[in-house]
Amino acid sequence: MELVAEYVGPNGERRQLRVLCEASGDADLLQKLLSGVDQMKELLKQFFDPLVQREAKDRVTADPDETLEGNDEDDAEDENNIDKRTNSDGPSAKRPKTPS
């Protein structure tokens, strides 16, 4: 028995990862499968760690100000929707406008 995973990169490159489900001694099929899953998890970690690190490095290098400061569009939107926020403990914290 074996486990197979296939990765398709952003440029369409395909890569297959295979693990044989073998366990030591007289293990039953479930033990062999669990052993294979553990091996596949480790293989996937080894495969994706460099990709994740490269992606993180590219994001920091691309625009460090945007990464550190975040996206200001969401902040402005939150300020515009302040009256729509709810307080689960009671009425809205915003005071109603009094007629002039």
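**Figure 1. Tyr7 and its bridge partner in the S1–S2 pair.** In this predicted model, Tyr7 has Arg15 of strand S2 as its bridge partner. Strand S1 covers residues 2–8 and strand S2 covers residues 14–20; the two run antiparallel and are joined by seven bridges. Five residues lie between the strands of this hairpin, and Gly12 adopts a positive phi near 90° there.

**Figure 2. Glu13 in the loop of the hairpin.** Glu13 is located in the loop that lies between S1 and S2. When neighbours within four places in sequence are set aside, the contacts of Glu13 are Tyr7 and Val8. The relative accessible area of Glu13 is 48%, so Glu13 is classed as partly exposed.

**Figure 3. The salt bridge between Glu2 and Arg18.** Glu2 and Arg18 form a salt bridge in which the closest N and O atoms are 2.7 Å apart. Glu2 belongs to strand S1 and Arg18 to strand S2, so this pair ties together parts of the chain that are 16 residues apart in sequence. Glu2 is partly exposed, with 38% relative accessible area. Arg18, at 48% relative accessibility, also counts as partly exposed.

**Figure 4. The largest nonpolar core.** Five residues make up the largest nonpolar core: Ala5, Leu17, Val19, Met40 and Phe47. At least two residues of this core come from S2, and at least two from helix H1, which spans 29–62. In soluble globular proteins, nonpolar side chains tend to be buried together. Each residue of this core is buried, which means that its relative accessible area is under 20%.

**Figure 5. Surroundings of Phe47.** Phe47 is one of the residues of the largest nonpolar core. With neighbours within four places in sequence left aside, Phe47 is in contact with Tyr7, Arg15 and Leu17. Among these contacts, Leu17 is itself a residue of the core. Tyr7 and Arg15 are bridge partners, and both are in contact with Phe47.

**Figure 6. Lys41 of helix H1 and Val19.** Lys41 is placed in helix H1. The C-alpha atoms of Lys41 and Val19 are 9.9 Å apart, while the two residues are separated by 22 residues along the chain. Val19 is part of the largest nonpolar core. Lys41 counts as exposed, with a relative accessibility of 55%.

**Figure 7. A nonpolar patch on the surface.** Six names make up this view: Met1, Leu29, Leu30, Leu33, Leu34 and Val37 form a nonpolar patch on the surface. Together these residues have about 550 Å² of accessible area. Val37, one of the residues of the patch, is found in helix H1. The relative accessible area of Val37 is 33%, and Val37 is therefore partly exposed.

**Figure 8. The salt bridge between Asp49 and Lys45 in helix H1.** Asp49 and Lys45 form a salt bridge, with 3.4 Å between the closest N and O atoms. Both residues lie in helix H1, where Asp49 and Lys45 are four residues apart, about one turn of the helix. Asp49 is partly exposed at 33% relative accessible area. For Lys45 the relative accessibility is 47%, and Lys45 likewise counts as partly exposed.

**Figure 9. The salt bridge between Arg59 and Glu55 in helix H1.** In this view Arg59 forms a salt bridge with Glu55, and the closest N and O atoms are 3.3 Å apart. Arg59 and Glu55 are both in helix H1, with a spacing of four residues, about one turn of the helix. Arg59 is exposed, at 54% relative accessibility. Glu55, at 42% relative accessibility, is partly exposed. The protein has four salt bridges by this count.

**Figure 10. Context for the close-up views.** The protein contains three helices and two strands, in the order β-β-α-α-α from the N terminus on. Of its 100 residues, 9% count as buried. The exposed area of the protein is about 9000 Å², of which carbon and sulfur atoms supply 49%. Taking contacts between residues at least 6 apart in sequence, 29% join residues at least 24 apart.

Key: Residues numbered from 1 in each chain as written. Predicted model: local features only at pLDDT ≥ 70, side-chain atom pairs only at ≥ 80, totals over all residues. Heavy atoms only, no water. Pairing = 2+ DSSP bridges. Core = buried A, V, L, I, M, F, W, Y, C linked by side-chain atoms within 4.5 Å. Buried < 20%, exposed > 50% of the residue type's maximum accessible area, 1.4 Å probe, protein only. Contact = heavy atoms within 4.5 Å. Patch = residues over 30% accessible without salt bridge, like charges linked within 9 Å, V, L, I, M, F, W, Y side chains within 5 Å. Areas by Shrake-Rupley, 256 points an atom, 1.4 Å probe, with all protein chains shown as cover. Salt bridge = Lys/Arg side-chain N within 4 Å of Asp/Glu carboxyl O.
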